[in-house]
Amino acid sequence: MDLGLQGKVALVAAASRGLGRAAATALAREGCDLAICSRDEERVRRAAEEIAQQTGRTVVPVRADLTRREDIERFVEEAAGRFGRLHIVVCNAGGPPAGRFDELTEADWQRAIPLTLLSAIRLAQAALPHLRKAGWGRMIFLTSVTVKQPIDTLVTSNVLRPGVVGLAKSLALQLAPENITVNVVAQGYFLTERLRELAEDAARREGIELSAALERWEAGVPAGRLGDPEELGDLVAFLASERASYITGATIPIDGGLARCLM
Ligand code: NAD
């Protein structure tokens with residue numbers, strides 16, 4: 001299938017590793033030039049070089065902290081300025097502080113809100129004029145299975161990520177006549193560096209093997225395994241493509257059957 005992405009320009013937030021990087025790599029493989037960001041200059045530069053080497057596309061690294069409005073605006077302006085246009089925005093960030101409701105402090109919420117909710121609003125605000133100018137656009141928000149089914153120990157995610165779904169749906173309705181689609185990805189457990197670090201940590205604390213810690217996650221997934229980040233990258237590339245022109249306002253689970261909800 002030709003996804004029709006050759007020559008498009010994409011911006012992927014929080015892409016020095018993990019799911020953001022997988023999304024960036026998939027888009028570059030399909031022929032997009034890219035700007036990617038993360039907080040650490042050296043890491044984002046290295047990631048950009050590696051993706052460029054793997055795919056032969058231009059990948060511009062930008063150091064930006066997604067909790068800061070001015071960094072988000074600079075990220076978007078550097079991307080649009082470098083390529084002269086912008087078509088695709090993938091909104092991603094690090095995960096908010098974990099915990100049950102009564103474990104979370106005011107400081108946790110003050111950290112979570114800019115990272116998880118305001119970053120999505122600000123990225124959309126900054127990118128929209130460029131998508132409108134291009135006359136064609138895609139916004140894709142990476143969230144979590146928590147928008148379908150809350151997780152007891154991730155209350156910040158349960159509260160704030162549904163706000164991103166509300167944002168995406170509002171934008172989708174408003175922008176459908178303008179040839180801009182807006183969709184949400186509700187991912188389950190993927191074996192990223194972050195998930196591996198969490199498993200290594202649990203294994204060390206509990207004195208168990210890494211494989212045993214990972215098996216606990218796998219056991220809860222009907223498919224019996226964790227996702228490969230490349231599978232998420234492929235979904236993002238499809239949603240970004242010409243072929244997905246009639247999909248907008250959707251929240252699409254990619255979780256091996258994890259969320260046990262009907263809709
Ligand atoms: P990760 O920790 O491996 O990667 C996160 C990326 O975000 C890194 O590139 C990091 O540098 C960047 N980042 C973090 N905070 C940032 C900030 N303030 N500004 C700029 N960049 C920042 O995480 P991941 O596993 O790839 O997950 C990505 C997102 O998806 C997270 O929000 C996570 O909670 C969510 N999620 C992940 C899974 C999973 O199984 N991996 C499941 C559901 C939801």
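In the predicted model, the ligand is surrounded by 26 residues, each having a heavy atom within 4 Å of it, and the closest of these are S16, L19, A93, F190 and T192. The model is predicted, and local features therefore require pLDDT of at least 70, side-chain atom pairs count only at pLDDT 80 or more, and totals for chains, interfaces and linings use all residues. Residues are numbered from 1 along each chain as its sequence is written, and side-chain values use heavy atoms, with hydrogens and water left out.

By class, the shell around the ligand comprises 10 nonpolar, 11 polar and 5 charged residues, where Ala, Val, Leu, Ile, Met, Phe, Trp, Tyr, Cys and Pro count as nonpolar, Asp, Glu, Lys and Arg as charged, and the others, Gly among them, as polar. Helix 1 (18-29) and helix 6 (193-206) each supply at least two residues of this shell, helices being DSSP runs of H or I of at least four residues and strands runs of E of at least two, numbered from the N terminus.

Polar contacts to the ligand were taken as pairs of N or O atoms within 3.5 Å. A backbone N or O atom of L19 lies 2.7 Å from an oxygen atom of the ligand, a polar backbone atom of G95 is 3.3 Å from a ligand oxygen atom, and an N or O atom in the side chain of R161 is 3.0 Å from an oxygen atom of the ligand. Of the 830 Å² of accessible area that the ligand has on its own, the protein covers 89% (Shrake-Rupley method, 1.4 Å probe).

The ligand sits in the largest pocket, in that more than half of its atoms lie within 2 Å of the pocket's grid points. On a 1 Å grid over the protein atoms alone, a pocket is an open set of points with protein on both sides within 12 Å along at least five of seven lines, a cavity is a set where a 1.4 Å probe fits but cannot get out, and lining residues have an atom within 4 Å of a point. The largest pocket has a volume of about 1,700 Å³, counted as the space filled by probe spheres set on the points. Of the 49 residues that line this pocket, G94, G95, P96, R194 and L198 are the closest to its centre, and helix 6 contributes the largest share of the lining, 8 residues.

A search of the whole structure finds 1 cavity of 30 Å³ or more; about 90 Å³ of space lies in the largest cavity. Its lining includes A93, G94 and R161, and helix 4 (106-134) gives the most to this lining, with 4 residues.

How values were computed. Polar contact = N/O pair within 3.5 Å; in protein donor to acceptor, adjacent residues only side chain to side chain.
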